[in-house]
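User: Please take a close look at one helix pairing in this model and at what surrounds it. I would like one connected account in plain terms.

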Amino acid sequence: MILKNASYDMIPRLSEIWKECFHDTDEYINLFMKNRFCPDETLVLTDNSGIVEGVIYLLPCKIIGSKQKVIYAYAGGVKSESRGKGYYTAIVDWLRQQYFNTKTAVVLRHTQQLLDFYLIKGFKKTYFSKKTLIIPANEKREEITIYKNIDSIEYETMRNNYFTAPETVLWNKEAINYALTENIFCEGICDKIKYCGIYYILFGRVKNNILYIDETTLNYKQVENISYSLCNYYNASKIEFTSPVTDNFRGEIIVSALSFGLETLPLSEKTPPLSYDVECPSYTKTNSRNEGWINLMLV
């Protein structure tokens, strides 16, 4: 087997692997290949005849407060007939070796099925978030103005002005632009909200009458206050709200991402939560409510 950078002529094979692994439509896969694929940021594994059997996309990102090079490992997978041959293990071992060779850290999101595999390989539970369900208690209609489909420059500016704590993941313009494009393609929400004279971002989607808020610069109390207006606008009956673990509300704590080789870990890795549905006083006493935040994404 050979590990090397991808090339543009590999796109048909890479698209096949993507479809087999994630069952996305051809249109969705083409959107990524057209807007986000970069050969120098794509690691492929080939057999000795040069046929691609596995792939992972290595997207650059930054960590607030760190000068360390960090890559976000995305959409890794192996051709269905080649599974069980150690190909994906070889890809992950290569990622780990990059830290020992170049001090490059790796951040990735995981499926529950692969969590134990990554932990055995030395990855750590690094980024946590908290989520809860908000059901509008009454028909109190707070006045809000919603501007559809915020542009990536404005989104990046508002996001970076809000999530400022050390160890927060900063996504570059290309990543943010693609995340917004991808979410809109999937009929998601990438909006700007004006509430009490201040503008906020809201990134999410509506499914089965639930408004899923995956990232926003509104805090829990603000979302609760305008929950009826949000549900009315987006034709939802309830809201699933996700935010940094340090936001002060009762909710389920979930692991958002793993890492390998980060020189400075977020507070959430140093004192991991031990239970669900708690106030997390160890977080609310910190100086910043946004410690160790990763969300946005396509990912």
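Analyst: This is a predicted model, and the part examined here is the pairing of two helices. Helix 2 and helix 6 pack with their axes 11 Å apart, at an angle of about 165°. Angles over 145 degrees count as roughly antiparallel. Helix 2 and helix 6 are therefore roughly antiparallel to each other. The crossing in which helix 2 passes helix 6 is right-handed.

Which residues meet between the two? From helix 2 come E27, Y28, L31, F32 and N35, and from helix 6 come Y178, T181, E182 and F185. An α-helix has 3.6 residues a turn, so residues three or four places apart point the same way.

Now helix 6 by itself. Helix 6 covers residues 173–185, which is 13 residues. At 1.5 Å a residue these should span 18 Å, and the end C-alpha atoms are 18 Å apart, so the expected span and the model agree. At the start of helix 6, the backbone nitrogen of E174 has a side-chain oxygen of N172 within 3.2 Å. After helix 6 comes E187, whose phi is positive, near 65°.

The buried residues of helix 6 are A175, I176, Y178, A179, L180, E182 and N183. Two of the residues that meet helix 2, Y178 and E182, are in this buried set. The buried residues do not pack against helix 2 (26–35) alone: helix 5 (152–162), strand 9 (189–195) and strand 10 (198–207) are also packed against.

Helix 2 has a further partner in helix 1, which covers residues 11–22. The axes of helix 1 and helix 2 come within 10 Å and cross at roughly 130°. Helix 1 and helix 2 are therefore oblique to each other. This crossing is right-handed. The contact is made by I11, L14, S15, W18 and K19 of helix 1, with D26, Y28, I29, F32 and M33 on the helix 2 side. Y28 and F32 appear in this contact and also among the helix 2 residues that meet helix 6.

One residue outside the helices can be added. Strand 10, against which helix 6 packs, spans 198–207, and D214 lies in strand 11 (residues 210–216). The side chains of D214 and R205 make a polar contact at 2.6 Å. D214 has a relative accessible area of 19%; buried means under 20%, so D214 is buried. Leaving aside residues up to four places away in sequence, D214 touches F203, G204, R205, T242, W293 and N295.

Methods. Residues are numbered from 1 along each chain as its sequence is written. This is a predicted model: local features need pLDDT of at least 70, side-chain atom pairs count only at pLDDT 80 or more; totals for chains, interfaces and linings use all residues. Side-chain values use heavy atoms; hydrogens and water are left out. Helices (H or I, at least four residues) and strands (E, at least two) are DSSP runs, numbered from the N terminus. The expected span of a helix is 1.5 Å times one less than its number of residues. Buried means under 20% relative accessible area, exposed over 50%, partly exposed in between (1.4 Å probe, protein chains only). Contact means heavy atoms within 4.5 Å. A polar contact is a pair of N or O atoms within 3.5 Å; within protein, one must be able to donate a hydrogen and the other to accept it, and residues adjacent in sequence count only if both atoms are side-chain atoms. Axes are lines fitted to C-alpha atoms, for helices over the stretch in contact, and angles run from 0 to 180 degrees between N-to-C directions. Angles under 35 degrees count as roughly parallel, over 145 as roughly antiparallel, 65 to 115 as roughly perpendicular and the rest as oblique. A crossing is left-handed if the near helix is turned anticlockwise from the far one by less than a right angle, and right-handed if clockwise.
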